[in-house]
Amino acid sequence: VRDLLISRISPDLDFAVPSNGIVLARKIANALHADFIPLDDERDTGRVIVINEDDSRIFLDFAVYRGANLEEDLRARDFTINALYYQPRKDQVLDFCDGVSDLRARLIRFLGNPTIRFEEDPVRMLRILRFAAKLGFAIDDEIIAVLKPALTQLLRDVSPHRLYDESQKMFSGGYLAPL
């Protein structure tokens, strides 16, 4: 939704579903004759990878709500600009967290306390840098104050695969992340 609102075409589509994210992803992969990867068993998240004739890829991620309903799910996201939902039947964007305002301001802000959000998932430190590099957005001062001292300490326990994936995405952006 973020990319749609800033007129970017994205090969990554995320779907929030009430239940059975991995099962649904596998069914869709089978129906599309596409590849399937269970991304996160604990969070019931699966990925469908569609390979086009030109060898480009489209990624469809299906994740179970992080909470009892869609609003709770959106409020549990990492950044305000990622807490947006598009309702195709109503052609309407749901924005409970001021993500549209931050898109207009070209600003990356956390939902909640940055220190806690980094401790929940240290890879978010790299995601912030990737989004700043990819979109040319500024990073909220509150995040930068926490990011610099925490970066090396918290990343020690992250799997090399996740670090590599985020780094590749970050370095393919068109801007330098401001720190």
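**Exercise 1.** Classify Leu 163 by its relative accessibility and place the residue in the secondary structure.

Solution. Leu 163 has 23% relative accessibility, so the residue counts as partly exposed. The class lies between buried (under 20% relative accessible area) and exposed (over 50%), with a 1.4 Å probe and protein chains only. Leu 163 belongs to helix α8, residues 160-171. Helices here are DSSP runs of H or I with at least four residues, strands are runs of E with at least two, and both are numbered from the N terminus. Between the C-alpha atoms of Leu 163 and Asp 102, which lie 61 residues apart along the chain, the separation is 26 Å.

The model is predicted: local features need pLDDT of at least 70, side-chain atom pairs count only at pLDDT 80 or more, and totals for chains, interfaces and linings use all residues. Residues are numbered from 1 along each chain as its sequence is written, and side-chain values use heavy atoms, without hydrogens and water.

**Exercise 2.** Determine which strands pair with β3 and in what sense.

Solution. Start with β2 (residues 35-40), which pairs with β3 antiparallel over 5 bridges. Pairing requires at least two DSSP bridges between two strands. Within this pair, Asp 40 has Thr 45 of β3 as its bridge partner. The hairpin of β2 and β3 has 4 residues between the strands, and Asp 44 there takes a positive phi near 55 degrees.

Next take β4 (residues 57-64), joined to β3 antiparallel by 7 bridges. Arg 47 stands opposite Asp 61 in β4. This hairpin has 5 residues between its strands, with Asp 55 at a positive phi near 75 degrees.

**Exercise 3.** Explain why strand β3 counts as largely enclosed.

Solution. Strand β3 covers residues 45-51, and 5 of its 7 residues are buried, so the rest of the structure largely encloses the strand.
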